[in-house]
Amino acid sequence: MSPTLEALRPCFDGAIPAALATCATDGTPNVAYLSQVQYVDATHLALTFQFFNKTRANILANPHASLCVTDPFTATSYRLAIRYLRTETAGPLFEVMRAKLSGIAAHTGMTDVFRLLGADVYQVLDIETLVGPTPLPALPRPKLVPLLRRATAQLNRCVDLDSLLGATLNTLTEDFGIAHVMLLLHDESRACLYTVASSGYDVAGIGSEIALGHGVIGIAARERTAIRIAHMTQEYGYGKAVREQMERIGLTGQLETAIPMPGIAESRSQMAIPVLWAQRLLGVIYVESPEDLAFGYDEEDALTVLADHLAASMQVLAGAESCLDADVAIDSPPPPVPQDSLLQVRHFPRDHSVFVDDLYLIKGVAGAILWHLLRCHQETGRSQFSNRELRLQAELGLPEIADNLETRLVLLKRRLDERQCGIRLKKTGRGQFGLQVDNRLSLDDAS
């Protein structure tokens, strides 16, 4: 019985180059090694088109070819009879293969040579297991279905977005054993993603931003497709990527408000999974590792299922939050504030950047929310607020999407927790939260 194409997916990550045999119209054969094979579905795969060479000429003249691939874990080889269908030069498949090729190029020291011109899509007609040396036993793989069952149960117990993000981060690190994780949410109004949770980094980077289309995270978000790289690549690394991009396009004046993006020094495996609801982008799950081939197709499948469940949970909680918002927050006496200390907060209306004691804290909608809360607190002494009253404040510039307020409040809470600057937000009930300020306030609106 022939193996299925899905069972051959470990052969396609570039650890052992695949060999493609083609034939010219006069019967002359040609064999070339390929840097990458991409699984498309149960009957199709894609090969990299990098050069205008003999292989390319042959396949355009005669679409039938033979592909030999080897499983790097068992040393079993397979011969596939394939037929060329088309070439894609843009879109999700092309971007996935271009990102992977960058990793393979850096891994082999051929960055200047490897450049993707297109993704050639083939139909798989037959699969044959080749007779050869006794194959090695398959390496034990983690049982991902029980992990997913435990993960979804954790997410189902969450009652708000903050706990949902925390549970997602916990299940990825504790259950799946992934040391370096980022969770990012989508800011539709600014076409970027911002970090709301991370684990395994020296700096949490809460509030750091990445533009759509930039790096593995940005491309996965823009194309609404998972991207996985199995080898180290400089082109898709983060760390200093955001600052370098801003410097290249002349935005050095904004560097003081750029929160550094988390990242490990040598990321040899990366995977970005978009969080989608009805093809609407909600965010991205990003994982990375200092080890080559840390994530395979099975891990990509599992995290895609987890991302889908996260998206559904976010929608359910957003609907429940907006339906059950309290009309008025019940205030309680604020805790006593030390009179011998002063917290200097400065606000810039142009982009709602907020600085605390001359150090940048947050900007955008989250910055506008914080400034509004601090002004109310100073003018009236209030420390309790409701989501509904914030939604009625036109000055905050909330986008016309129901869950945007909750996501900005989570971002603001987590950024304040990270900075430990004497200002905190705490959820006090359904649709209600409290503001705690440890020092006397000095507010400066730099308009």
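Two strands are said to pair if DSSP finds at least two bridges between them, and in this predicted model one such bridge places Cys-23 opposite Pro-29 in strand β2. That position belongs to the antiparallel arrangement of β1 with β2 (residues 29-34), in which six bridges join the two strands. The two strands form a hairpin with five residues between them, and in its turn Gly-27 has a positive phi of about 95°.

The chain as a whole may be described before its other parts are taken up. The protein chain has ten helices and 20 strands, and 52% of its 447 residues count as buried. Among the contacts in the chain with a separation of 6 or more, 68% are accounted for by residues 24 or more positions apart. The surface that the chain exposes comes to about 20400 Å², and carbon and sulfur atoms supply 54% of that area.

Strand β1 (residues 18-23) also pairs with strand β5 (residues 64-70), in the antiparallel sense and over three bridges, and here Leu-20 of the one strand stands opposite Leu-67 of the other. Strand β5 in turn pairs with strand β6 (residues 77-88), again in the antiparallel sense, over seven bridges; within this pairing, the bridge partner of His-64 is Arg-83 in β6. The hairpin made by β5 and β6 has six residues between the strands, and Ala-75 takes a positive phi near 65° in this hairpin.

A further part of the model is an open sheet of six strands, which are arranged in the order β10-β9-β8-β13-β12-β11 with antiparallel pairing. Strands β10 (209-211) and β11 (227-229) stand at the edges of this sheet and have a single partner strand each, so one side of each is left without a neighbour in the sheet. From one strand to the next, the twist averages 25°. At one of these edges, strand β9 (residues 192-199) pairs with β10 in the antiparallel sense over three bridges, and Tyr-194 stands opposite Glu-209 in β10.

Helices are placed against this sheet. Helix α4 (residues 161-175) lies across β8 (180-187), β9 and β13 (280-289), and runs at about 150° to β8. Helix α10 (residues 404-419) likewise packs on the sheet, where it touches β8 and β9, and the direction of this helix makes about 50° with that of β9.

Asp-13, found in the segment before β1, offers an example of a charged residue's surroundings described at the level of single side chains. Because residues count as buried under 20% relative accessible area, Asp-13 counts as buried at 12% relative accessibility. The side chain of Asp-13 is joined to that of Arg-228 by a polar contact of 3.0 Å. When neighbours within four places in sequence are left aside, Asp-13 is in contact with Lys-100, Arg-228, Ala-230, His-231, Leu-293, Gly-296 and Tyr-297.Later in the chain, strand β14 (residues 342-348) is joined to β15 by four bridges, and the two strands run antiparallel. In this pairing Arg-346 stands opposite Phe-355 in β15, and the hairpin formed by β14 and β15 has four residues between the strands, with a positive phi of about 60° at His-352 in the turn. Strand β15 pairs also with strand β16 (residues 359-362), in the antiparallel sense over three bridges, and Phe-355 stands opposite Tyr-360 in β16. The hairpin of β15 and β16 has two residues between its strands, and Asp-357 in the turn has a positive phi of about 50°. Both faces of strand β15 (residues 353-356) are covered, since Ser-353 and Phe-355 on one side are buried, as are Val-354 and Val-356 on the other.

Helix α8 (residues 364-380) has 17 residues and reaches 24 Å from its first C-alpha to its last, which is close to the 24 Å expected at 1.5 Å a residue. This helix is mostly covered, with 13 of its 17 residues buried. Just after α8, a positive phi of about 80° is taken by Gly-381.

Conventions
Residues numbered from 1 in each chain as written. Predicted model: local features only at pLDDT ≥ 70, side-chain atom pairs only at ≥ 80, totals over all residues. Heavy atoms only, no water. Buried < 20%, exposed > 50% of the residue type's maximum accessible area, 1.4 Å probe, protein only. Contact = heavy atoms within 4.5 Å. Areas by Shrake-Rupley, 256 points an atom, 1.4 Å probe, with all protein chains shown as cover. Axes fitted to C-alpha atoms, helices over the stretch in contact; angles between N-to-C directions. Expected span 1.5 Å × (residues − 1). Polar contact = N/O pair within 3.5 Å; in protein donor to acceptor, adjacent residues only side chain to side chain.
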